[in-house]
2 protein chains.
Amino acid sequence: MLPQEMVDLGSRRSTIRELFEYGKQRAAVVGPENVYDFSIGNPNVPAPECVTESIYRHLGRDPAALHGYTSAQGDYGVRKALAESLNRRFHQEFRAENLYLTVGAAASLSIALHAICEAGDEVVVFAPYFPEYSVFVSAAGAKLVEVPPRCEDFQIDFDVLAAHVTPKTRAVLINSPNNPSGVVYSKETAEKLAALLKERSAHYGHPIYLISDEPYREIVYGAETPFWTSYYSDTVVCYSYSKSLSLPGERIGYVLVPDGAADSKDLYHAVCGAGRYLGYVCAPSLFQYVIADCDGATSDLSIYRRNRDLLYHGLVDAGFSCVKPEGAFYLFPRALEADANGFCERAKKYDLLIVPGDAFGCPGHVRISYCVSTEQIERALPAFRKLAAEYR
Amino acid sequence: MLPQEMVDLGSRRSTIRELFEYGKQRAAVVGPENVYDFSIGNPNVPAPECVTESIYRHLGRDPAALHGYTSAQGDYGVRKALAESLNRRFHQEFRAENLYLTVGAAASLSIALHAICEAGDEVVVFAPYFPEYSVFVSAAGAKLVEVPPRCEDFQIDFDVLAAHVTPKTRAVLINSPNNPSGVVYSKETAEKLAALLKERSAHYGHPIYLISDEPYREIVYGAETPFWTSYYSDTVVCYSYSKSLSLPGERIGYVLVPDGAADSKDLYHAVCGAGRYLGYVCAPSLFQYVIADCDGATSDLSIYRRNRDLLYHGLVDAGFSCVKPEGAFYLFPRALEADANGFCERAKKYDLLIVPGDAFGCPGHVRISYCVSTEQIERALPAFRKLAAEYR
């Protein structure tokens with residue numbers, strides 16, 4: 001009698017969440033220090049000092065105002081501060097009116113997709129991609145169209161992409177720096193992608209929106225990340241502070257609708273409407289004020305870089321093959337057997353919790369989150385070596 | 001080309017939000033002290049001390065853990081503490097597993113409705129009711145069936161209700177203490193409602209769920225509020241701390257699925273699934289820990305009681321007729337002309353911002369939120385008298 005889709009979604013947890021819960025249970029048995037949980041993108045590097053300072057400062061304000069409702073789009077002053085910060089950092093001309101604050105990245109994406117898509121529309125994604133995309137796209141009534149991965153570098157193969165864009169394509173969803181591959185799209189890629197989408201939009205007579213999911217925007221190790229609205233005006237940016245400020249539990253982010261996007265005003269209205277439709281009222285107020293103070297700051301990225309180098313070299317030495325990531329905090333090596341699920345099951349013997357690439361639309365690979373303590377990586381490397389030895 | 005329903009929802013703001021925004025603009029012109037904004041249920045009484053104390057205490061913890069992801073259902077320890085608090089206060093036997101933490105009341109309701117309803121199902125509500133109910137019900141694919149108000153006391157007329165419950169009825173949605181009438185349902189009402197729903201569930205051969213939306217549960221002035229799961233086992237409780245702890249901007253609440261509810265396990269799964277489907281990941285983490293510390297506490301209710309008495313008597317003296325509210329922080333008097341919209345427009349002349357009852361499915365009445373400073377009420381009473389004088 002209950003809606004089966006909801007029962008299924010709730011009882012068949014995502015592979016990642018499943019492993020996360022397994023890790024908690026396992027830690028209770030063997031001790032947390034003996035579980036090498038690389039399953040979840042839960043930053044271990046603490047929020048930067050400015051976050052805690054900002055919280056303390058705001059706690060001095062009138063609590064009724066501090067914890068009160070803001071406008072549904074978010075506090076005006078906060079949005080203005082964020083627009084100014086983006087303008088400074090990326091040479092843009094945004095205003096408060098371009099921003100709609102959300103309860104984190106999943107909300108940003110769900111709202112953007114509901115604002116853009118109608119039943120029957122297609123949304124193109126590039127494998128490997130974050131598994132929940134399929135839930136968000138289908139909830140918006142659209143169909144997820146998967147561009148198969150180019151496993152040698154996980155960059156966009158434009159010929160393959162071109163074959164997947166059709167008159168039904170309403171949006172292309174990108175995620176760079178990428179979860180799970182850590183790959184960062186270059187400016188040249190941005191130019192090529194923009195050219196393709198402009199050509200196809202003109203050809204089909206309707207805009208194809210680019211939805212840029214960029215919670216890892218600032219988490220890069222030297223690579224330059226293009227700011228997408230500069231390359232393609234029909235871009236909607238979905239952002240979250242979960243990773244850059246290490247605040248994933250606090251649920252705070254935004255949707256950005258630039259003035260230059262097709263039907264910009266209606267699109268912004270649709271974003272506000274989708275927020276109402278999905279039961280959002282406003283983003284958490286205290287953390288709205290915090291991000292206004294801290295936008296552009298990041299947690300200590302040198303720790304992630306050290307982790308990346310340690311783990312990447314450790315795995316390559318152990319016999320893994322892996323594209324070296326330029327951003328985010330994931331490695332995405334090939335599994336040592338064709339069946340990544342079987343491989344991840346075998347890894348559990350060593351209390352190594354890693355996620356099969358199948359969940360990301362990319363079988364034969366595994367995701368290893370290195371937003372963990374450096375010590376965990378040091379302690380886990382012998383286990384990875386033992387695991388690899390089983391395959392020799 | 002964009003989904004018209006979303007554009008409309010975003011451009012035609014709710015009457016209440018519209019007035020709230022108008023009030024902000026008007027305050028910028030004539031000064032905030034000269035705008036008598038009674039439009040929104042934004043508590044003016046600050047959060048109780050325990051909230052600020054709890055925040056400071058948790059800020060001493062490891063920030064990566066404090067601000068990290070919790071389980072999708074909410075932190076286990078938090079849910080356990082909330083269950084124990086509910087058990088103490090209401091003589092129940094809940095466990096952590098009965099609770100799913102949410103991003104406030106709108107999320108609780110949206111999730112509960114998506115978990116329960118399928119296309120074509122009917123959800124019965126009692127006028128007057130919170131206008132966003134119609135958005136939440138329709139987003140869940142269901143049809144809102146409105147039981148017309150009994151204006152002499154805003155209690156349930158069971159004969160009228162009986163005529164609105166059909167084989168298609170999947171849920172009955174109640175809100176006591178009520179926004180906007182302030183009316184509280186008694187234990188006798190709970191018994192009668194339970195009897196009717198049991199009889200009809202048996203007759204139709206499927207459970208009719210009672211969705212109890214109770215953000216005002218603790219905001220009562222002497223009246224006893226029944227705890228609904230004790231009366232009717234197929235009850236799903238939707239709670240929010242927005243009003244009791246004066247934290248509406250922070251977005252924190254829960255859905256409670258008791259073990260005794262029909263298909264309880266699947267229903268809880270469906271709640272988890274609906275959360276995923278709507279783009280929720282977890283409730284804001286810092287405030288999860290705060291509510292575990294503060295559940296059962298309230299803001300200083302004596303201020304609301306004083307406001308109610310002052311405003312109620314002031315309005316009655318000025319010639320208004322009004323059911324005296326026993327809970328929440330709203331008065332819902334008759335407008336002084338048949339067209340409440342026209343009446344509220346006229347009230348704007350005196351910078352009195354009040355909400356027409358039409359939005360609540362109850363024309364001819366107006367909602368006046370008294371969760372404002374007592375001084376605002378004192379200053380506004382002459383304006384209400386002048387407004388009333390226009391109708392003599």
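**Chat about the contact between chain A and chain B**

Reader: Before anything else, how many salt bridges are there between chain A and chain B?

Author: In this predicted model, the count between chain A and chain B is two salt bridges. One of the residue pairs joined in this way is B:Glu132 with A:Arg276, whose closest N and O atoms are 2.5 Å apart.

Reader: And how many residue pairs are in polar contact?

Author: Counting pairs with both residues at pLDDT 80 or more, there are 34 between the two chains.

Reader: Which helix gives the largest share of chain A's side?

Author: That is α10(A), with nine residues. The side of chain A that touches chain B divides into 44 nonpolar, 21 polar and 15 charged residues.

Reader: OK, what does α10(A) meet in α1(B)?

Author: Residues of α10(A), including A:Asp266, A:His269, A:Arg276 and A:Tyr277, meet residues of α1(B), among them B:Glu5, B:Met6 and B:Leu9. The residues of this contact divide into seven nonpolar, four polar and three charged.

Reader: Are those two helices roughly parallel or roughly perpendicular?

Author: The axes of α10(A) and α1(B) come within 6 Å and cross at roughly 85°; angles of 65 to 115 degrees count as roughly perpendicular, and the two helices are therefore roughly perpendicular to each other.

Reader: Changing topic, how much area do the chains bury between them?

Author: Chain A and chain B bury about 6500 Å², with 59% of it on carbon and sulfur atoms. In chain A, the residues that lose the most area to chain B are A:Tyr69, A:Arg276 and A:Tyr277, which together make up 14% of what that side buries.

Technical notes:
Residues numbered from 1 in each chain as written. Chains lettered and ligands numbered in written order. Predicted model: local features only at pLDDT ≥ 70, side-chain atom pairs only at ≥ 80, totals over all residues. Heavy atoms only, no water. Buried area = accessible area lost by both parts, 1.4 Å probe. Salt bridge = Lys/Arg side-chain N within 4 Å of Asp/Glu carboxyl O. Polar contact = N/O pair within 3.5 Å; in protein donor to acceptor, adjacent residues only side chain to side chain. Helix = DSSP H or I, 4+ residues; strand = E, 2+ residues; numbered from the N terminus. Nonpolar A, V, L, I, M, F, W, Y, C, P; charged D, E, K, R; others polar. Axes fitted to C-alpha atoms, helices over the stretch in contact; angles between N-to-C directions. Parallel < 35°, antiparallel > 145°, perpendicular 65-115°, else oblique. Contact = heavy atoms within 4.5 Å.
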